Structures are given as C-alpha cells and as structure tokens.
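Biologist: I am new to this protein and would like to go through it step by step. Could you take me through the model?

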Amino acid sequence: MARRPRFGASARLKLALSYAGFLAVAGALLLAVVWWYLLRYVPDNDQGLLGVSPNRYLLVHTFAPAAAGAMAFLLVFGLVGGWLLAGRMLAPLDRITDAARSAGNGSLSHRIGMTGRQDEFRELADTFDSMLDQLESHVDEQRRFAANASHELRTPLAISRTLLDVARKDPTRDREELLARLHAVNTRAIGLTDALLLLSRGDSGTFTREPVDLSLIAEEAAETLLPLAEQRGVTLDVTGGPARTSGSAELLLRVVTNLVQNGIVHNLPADGTVTVRTEASGGAAALCVANTGRPVPPDLVPTLTEPFRRGTERVRTDEHAGVGLGLAIVRSIVRAHGGTLTLDPGPAGGLVVTVRLPATP
C-alpha cells in the first residue's frame, strides 16, 4: 500500500503559500498607498511644471517596472522564506507523526523526547509520551495477566487429565478418592473462572449504581465469614459508623469479603484478630481492614495487588488456597468505583488495607 503523504508536507505548502500571499497583498497595498498619496498629486501633462519637473506619465512609466520587480521579489521571497519557516515550525509534527505511526504498528517503546522551550508542540509531545507510557504499561500488564491466567487455568485441567489417565490404567483404584480429588480440582477451576469474570466486570465498570452503606456490608461479610474465623481461632471485630457511598452492593460486598477472608486466612496460627472499621470523613467513605500475622516485607506490599500473587505463600494446600486474584479484584472494583486502595504493613505484623470511596449524603 502506498504511503500516505506526511502531514507536515501539505501543511508546509499551505503555510508557504499563505506567507507569500500575505507579502504580495502587503506589497500591493504599499504600492496603492504610494499611488494614492504621491503620484495622484503630480501634474499629468507632457512638460510638467515649467517644462522641468517630472510629470505623472514619466513617473508612472519609471515606477511601474520597479514596482513589478519588487512584487515579483516579494512573491518569490515569500514562497522560499515561507517554505523554510514552515518546515522549521512543523518539524516537531514530523517527529510526533513518526511516533504515532510506530505506535500504530505495535511498537510502544518509541518516545519523542522533545527538548527546547515549552510551547504547544512541546506540550503535545510530552502528552503523547505520557500516553505511550501508560499504554505500554497497560499492555504489558494485560500480557502478564493473560499468561498467568492461561497457566492457572491449565493447571487444574492438567491435574484432572492425569487423574483420569491414572484411573483408566488402574481400574482397582479407590473410586471415592478419585471423585473427591476431581471434585476439588473442578471446584478450584470454577472458582478461578468466576474470579476472572468478576475481575473483568470490575475493569469494564459495567454495573448499576445504587446507595450503599459500607458499615452494613461489613457486618454482612463478617457474619458470613464468622464460622471460618472461629474455625481458625481468629477474633473478628466490626466497628465504626455509617459510611455511605454509591456503587454496586454486590461488587462492594465482594471487596469486603475478600479483604476479611484474606485477613482471616493470612493470620496467626492461634489467637489472631481481624478488625474491620468503617467511617465517613473528608468527603469519603472509608473501610479499614487490619489483621495480625507475620510481618510483611515493605517491598512485597506493592506487588500484592498484582494478579496471581499470593504473598509469601505462593501455593497453599488447604481448602482456602485461593487463586491469587483476591486483592487484584479488590483493586479493580475500587478503581471502577472511583476510589483508592492503600496497603500498609501492620506495626506488629499483618496488613492494614484501607479503601476510600466517594461519599454520598
């Protein structure tokens, strides 16, 4: 396919013609002023004044060739000068066009990196570079997510196939044990699929907004997870006042449930605590979930919201192994609701997670 003409070429020609036309019009106006205020007052006769002074006929025939030459010079000078000036002015657009064409071909690593004084072109180039930075980061994140999701989905399928192959080769194998293991693997695969769908729903932001009170959602999540907390010897405490916001009650319930469940599962072996507090302050509805547990390295905290990260325990063997999408789902839903998610290591261990959403009256 033939390459499209560069933007700068056509714009450069238009600017050059505009400069030349402006100079030609300015020259014509100048000549008109000379004629109107000078030549019209010169006597129009053959001899002039006393046969000595130049007359209008002589001045016109003398002045006309010089005026035509000046007009031709102004036209050529305007074209050449306008072409050079336009090329110099539009040079940044050529660099921006090259960067946009590279991005359109799939290369997001190219940057304009324009230097010089801060003008409209510099601002446009800096904005374009910033957009490429965000786009490249988003694409890399999506690629990592797709690769990790493929790996995570492949694992239970491979285990199921192995179990079935073993059962087929060994008909005497315990059938109940096989069914139990297949059920566990299938349940994990379904949970992973549901988590992926929920994460996609949060990223897309396609949900109906309604008035929501985070304190009521926190109580509902705590009531649901109370048996798990009692089983693990964890004290679950819900405090605070109303924290009203607007959003999807179902998705926000998943946020609180994920945070509280993480706080219970990643806790001390015995006598642990999980504290859930809600409040409305500073124009925001805040939810804070803090738990006891082993100290969390500060450099690990920023990575906990990445998909398929499971903290210090990459693989768990109990019934609450999870799929490594809990905090990723929380971050996605909070971001879709226009809120912020903050993770901080607890002073004596564990993690303190704070969710802030726009408050509503």
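**Overall make-up**

Modeller: Of the 361 residues of the protein, 33% count as buried. Please keep in mind that this is a predicted model.

Biologist: How many helices and strands does the protein have?

Modeller: The secondary structure comes to seven helices and seven strands. Listed from the N terminus on, the elements run α-α-α-α-β-α-β-β-α-β-β-α-β-β.

Biologist: And what share of the contacts with a separation of 6 or more comes from residues 24 or more positions apart?

Modeller: Such residues account for 69% of those contacts.

Biologist: Let us turn to the sheet. What is the strand order?

Modeller: The order is 2-4-5-7-6, in an open sheet of five strands with mixed pairing. Strand 2 (234–240) and strand 6 (340–345) stand at the edges; each has a single partner strand, so one side of each is left without a neighbour in the sheet. From one strand to the next, the twist averages 15°.

Biologist: Do strands 4 and 5 run parallel or antiparallel?

Modeller: Strand 4 (residues 272–281) and strand 5 (residues 284–291) run antiparallel and are joined by eight bridges. Within this pair, Val-274 stands opposite Asn-291 in strand 5.

Biologist: Which helices pack on the sheet?

Modeller: Helix 7 (residues 326–336) packs on the sheet and touches strand 6 and strand 7, and its direction makes about 140° with that of strand 6. Helix 6 lies across strand 2, strand 4, strand 5 and strand 7 (351–358), running at about 20° to strand 5.

Biologist: How are helix 5 and helix 6 arranged?

Modeller: Helix 5 (residues 214–231) packs with helix 6 (residues 249–265) at an angle of about 40°, and their axes are 9 Å apart. The two helices are therefore oblique to each other. Helix 5 passes helix 6 in a right-handed crossing.

Biologist: Which residues make that contact?

Modeller: On the helix 5 side they include Leu-214, Ile-217, Leu-225 and Leu-228, while helix 6 contributes, among others, Leu-252, Val-256, Val-260 and Ile-264. The residues of this contact divide into 14 nonpolar, two polar and one charged.

Biologist: One last residue, Leu-226. Where does it lie?

Modeller: Leu-226 lies in helix 5. Its relative accessibility is 37%, and Leu-226 therefore counts as partly exposed, since that class falls between the 20% and 50% limits.

Biologist: How far is its C-alpha atom from that of Asp-237?

Modeller: The C-alpha atoms of Leu-226 and Asp-237 are separated by 10.0 Å, and the two residues are 11 residues apart along the chain.

Conventions: Residues numbered from 1 in each chain as written. Predicted model: local features only at pLDDT ≥ 70, side-chain atom pairs only at ≥ 80, totals over all residues. Heavy atoms only, no water. Axes fitted to C-alpha atoms, helices over the stretch in contact; angles between N-to-C directions. Helix = DSSP H or I, 4+ residues; strand = E, 2+ residues; numbered from the N terminus. Parallel < 35°, antiparallel > 145°, perpendicular 65-115°, else oblique. Left-handed = near helix turned anticlockwise from the far one by under 90°. Contact = heavy atoms within 4.5 Å. Nonpolar A, V, L, I, M, F, W, Y, C, P; charged D, E, K, R; others polar. Pairing = 2+ DSSP bridges. Buried < 20%, exposed > 50% of the residue type's maximum accessible area, 1.4 Å probe, protein only.
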